[in-house]
Amino acid sequence: MNKLADLRRFVNRDNNIIQLLIITAVIFLVMSALEPNKFLRYYNFESISFIFPELGIVAIAMTLAMLTGGIDLSVIGIANLAGILAGVFFTRLYPAAPDAGMAAELMRVAAGVVLALGVGLIAGALNGLLIAKVKITPILATLGTGQIFTGFCMVLTGGPAIVGFPAWWGFIGNGKILGIAVPLILFLVVAVLIAVMLTKTPFGLNLFLIGTNPRAAVFAGLRTDRMVLYSYMLSGTLAALAGVVLSGRTNAAKSDYGTSYLLQAVLISVLGGTNPAGGKGTVLGVSIAVIALMLLASGFQMMRFSNHLIDFIWGGFLLLVMVINVLRNRGR
Amino acid sequence: MTAVSKLLRRSETAVLAILLVVMIVIGVINPAFWQADNLFNLLRANVVIGIMALSVLTVMISGGIDLSFPAFAVAAMYLTVIAMNAAGYQGVVLPFIGATLIGLLCGLANAFFIHTFRMIPMIVTLGSASVVRGLLLGLVGTSIINIDRMPPSLIAFGSSTVDIGSSKLSLMIFIYLGIALLMWVFLTRTMAGRAVFAYGDDAESAKRVGFNTRRTVYLVYGLAGALAGFAGLLHASMIWLANPRDFVGYELDVIAAVVLGGASIFGGRGSVFGTILGVFMLTLIKNSLIIMHIDNTWQGVVVGCVIVIATALTAWRDRKALV
């Protein structure tokens with residue numbers, strides 16, 4: 001009896017995951033049928049494994065903000081700011097010594113990574129303070145700070161891209177370890193860490209409770225302010241990590257890189273079963289959603305769809321998935 | 001006495017006071033600010049953003065948020081100009097009616113999703129913006145229609161001015177003010193306008209009192225789309241070209257202007273006069289950086305700081321509304 005209830009609960013909870021897996025499988029089969037020669041090549045999947053992690057990490061950052069009923073519209077600003085500050089650090093503050101050994105170069109890159117992630121942490125803390133302490137609505141607060149971060153990117157670069165990252169920095173975005181793309185490894189590490197944090201730690205549970213009912217969370221004695229602050233700091237750090245991967249992959253950093261990622265991150269988050277009103281969402285769902293959309297995008301690119309029509313498909317997909325979710329919930 | 005203290009407590013009064021201080025400061029840094037040419041240019045820069053802000057104001061009073069109006073504006077503008085060129089039509093009234101209708105249709109589509117499926121306005125408008133922009137650029141075209149191919153009637157209309165002293169004031173300002181007046185009448189003097197406020201304050205209560213919430217949602221988003229479409233074509237006729245990638249990032253500026261003007265993102269609160277002041281404040285700051293000898297790359301930082309400070313102030317004002 002108990003086992004049956006457990007099973008039913010599992011199916012209920014993971015209904016969304018099953019739906020996502022079906023969507024992914026359908027996309028995979030359709031694309032394979034339409035473009036069997038190009039889509040099913042190893043090279044295609046390898047290039048996806050380099051490109052999707054940065055978007056996946058941004059989507060997880062977005063999910064963290066959405067869990068408490070908020071949103072983080074500044075993730076792209078933070079990502080670019082982190083990449084650009086690292087670029088400034090490498091090219092102007094601490095250029096490579098001509099006779100530097102490998103150890104020194106590694107140290108330099110490590111310092112750059114720490115700097116970039118530190119920037120993300122501080123930027124996230126600013127968001128968190130504005131939202132938790134000053135009580136600005138998340139959408140307005142992050143709209144404003146996103147503008148500020150992007151503005152600083154403009155001030156630092158003056159417009160053009162910053163180039164001249166060290167070779168080891170490029171390794172973060174382009175390298176392989178044991179034949180597996182480094183960005184993919186980073187994404188898997190982040191996904192597992194965040195998933196464990198959300199499901200197995202008190203902090204994760206707190207975030208879900210705050211998202212489900214902020215008022216009840218306050219009366220239950222949760223330190224909601226502090227938890228919200230931490231969640232935005234974490235989301236800022238993840239955004240900065242995405243910025244590191246992005247600037248590593250392209251070997252450049254610019255104030256308007258990845259602007260289309262913002263909509264896509266929201267879309268993936270919602271598609272992955274995150275409730276924009278808070279209290280619901282899984283890292284597994286988001287991970288499947290990002291893979292599904294990457295397969296979709298790469299398939300359409302092979303069929304020579306223009307990038308603009310892919311934008312149209314992303315937007316249409318977002319509306320469609322929301323409608324399906326609403327209709328499904330109504331049926332219960 | 002109570003009338004005075006009531007006036008002082010209104011957020012418009014605060015915005016107006018800050019506005020005057022900012023203008024005096026800019027004038028002290030560079031007296032060229034007070035030249036009529038500069039002021040008239042500043043007013044001209046208010047027109048398009050101002051009409052869009054009035055559209056966002058309505059949505060915000062109803063408790064929603066609209067991120068799709070720049071996409072609707074650009075679609076209405078580009079499609080209308082292309083249609084005029086294809087038909088060789090030279091006129092003003094019909095094209096503006098066409099652009100407004102295109103915007104209206106897009107806005108009604110928003111309303112359909114928001115009302116029928118009870119979806120969050122932000123997500124709906126994010127999606128519809130992506131859909132409209134994608135379709136426009138993917139199917140219609142990506143090339144800019146330059147001044148040599150712009151319909152002359154539109155250019156003539158957009159550049160019509162009136163002489164005041166030795167300077168020329170764009171007549172478009174009176175269109176903006178006329179629309180603002182109509183919006184003020186609609187929002188404060190009609191039952192449908194009151195319904196928007198009631199719906200934004202508490203949708204459930206508005207329904208129980210007897211307001212037709214379905215009609216209100218369609219009215220709000222339809223009106224917002226129509227205003228955006230109108231503003232889009234007006235923009236093209238004022239800058240003499242139609243760029244299908246135009247208005248990127250406008251959602252930020254316009255929402256910032258509306259919030260600056262004292263509207264609450266939680267709905268039920270906001271005024272036309274405040275919005276006009278907010279728009280003026282934003283364009284003043286954006287356009288006066290150069291006059292204040294500040295490098296233009298700082299624009300994003302300054303505007304972002306203004307948004308954060310303004311929202312912090314409104315959050316402080318509304319602090320009792322939160323837990």
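These notebook entries record what I looked up in a predicted model.

**Conventions**

I worked on a predicted model, in which local features need pLDDT of at least 70, side-chain atom pairs count only at pLDDT 80 or more, and totals for chains, interfaces and linings use all residues. Residues are numbered from 1 along each chain as its sequence is written, chains are lettered from A and ligands numbered from 1 in the order in which they are written, and side-chain values use heavy atoms, with hydrogens and water left out.

**Entry 1: salt bridges**

I searched the whole structure for salt bridges (a side-chain nitrogen of Lys or Arg within 4 Å of a carboxyl oxygen of Asp or Glu) and noted seven over all chains.

I looked up Lys176(A) and found its side chain in a salt bridge with that of Glu46(A), at 2.4 Å from N to O. This pair links distant parts of the chain, 130 residues apart: Lys176(A) belongs to strand β2 (residues 176-177) of chain A and Glu46(A) to helix α4 of chain A. Helices (H or I, at least four residues) and strands (E, at least two) are DSSP runs, numbered from the N terminus. For accessibility I used three classes: buried is under 20% relative accessible area, exposed is over 50%, and partly exposed is in between (1.4 Å probe, protein chains only). Glu46(A) is buried, at 16%, whereas Lys176(A) is partly exposed, at 43%.

I then turned to Lys135(A), which forms a salt bridge with Asp225(A), the closest N and O atoms being 3.4 Å apart. Because Lys135(A) lies in the loop between α6 and α7 of chain A and Asp225(A) in helix α12 of chain A, the pair ties together parts 90 residues apart in sequence. Asp225(A) is partly exposed, with 26% relative accessibility. Lys133(A) also enters here, being linked with Lys135(A) and Asp225(A) in a network of salt bridges.

In chain B, I noted a salt bridge between Asp163(B) and Lys168(B), with 3.1 Å between the closest N and O atoms. Asp163(B) is exposed, with a relative accessible area of 53%, and Lys168(B) is exposed, at 52%.

**Entry 2: backbone angles**

Most residues other than glycine have a negative phi. I therefore recorded two residues with a positive value, given that background. Lys135(A), which is not a glycine, has a positive phi of about 65°. Its loop runs between α6 (102-132) and α7 (138-157) of chain A, and Lys135(A) is partly exposed, at 32% relative accessible area. Trp240(B), also not a glycine, has a positive phi of about 65°. Trp240(B) sits in the loop between α11 (213-239) and α12 (250-260) of chain B and is partly exposed, at 34%.

**Entry 3: a loop in chain B**

I looked up Ile147(B) in the loop between α6 (121-140) and α7 (152-158) of chain B. Ile147(B) is partly exposed, with a relative accessible area of 46%. Its C-alpha lies 9.7 Å from that of Ser237(B), the two residues being 90 apart in sequence.

**Entry 4: pocket and cavity**

On a 1 Å grid over the protein atoms alone, a cavity is a set of points where a 1.4 Å probe fits but cannot get out, and a pocket is an open set with protein on both sides within 12 Å along at least five of seven lines; lining residues have an atom within 4 Å of a point. Grid points are joined across faces, edges and corners, and a volume is the space filled by probe spheres set on the points.

The second largest pocket holds about 1800 Å³. I counted 46 residues in its lining, with Gly69(A), Thr137(A), Pro138(A), Ala277(A) and Phe266(B) nearest its centre. Helix α12 (residues 224-250) of chain A gives the largest share of this lining, four residues. By class, the pocket lining has 29 nonpolar, twelve polar and five charged residues; Ala, Val, Leu, Ile, Met, Phe, Trp, Tyr, Cys and Pro count as nonpolar, Asp, Glu, Lys and Arg as charged, and the others, Gly among them, as polar.

I found four cavities of 30 Å³ or more in the whole structure. The second largest cavity has about 50 Å³ of space, and its lining includes Glu54(A), Ile76(A) and Tyr261(A). At least two lining residues come from each of α4 (42-67), α5 (75-93) and α12 of chain A. Seven residues of this cavity lining are nonpolar, one is polar and one is charged.
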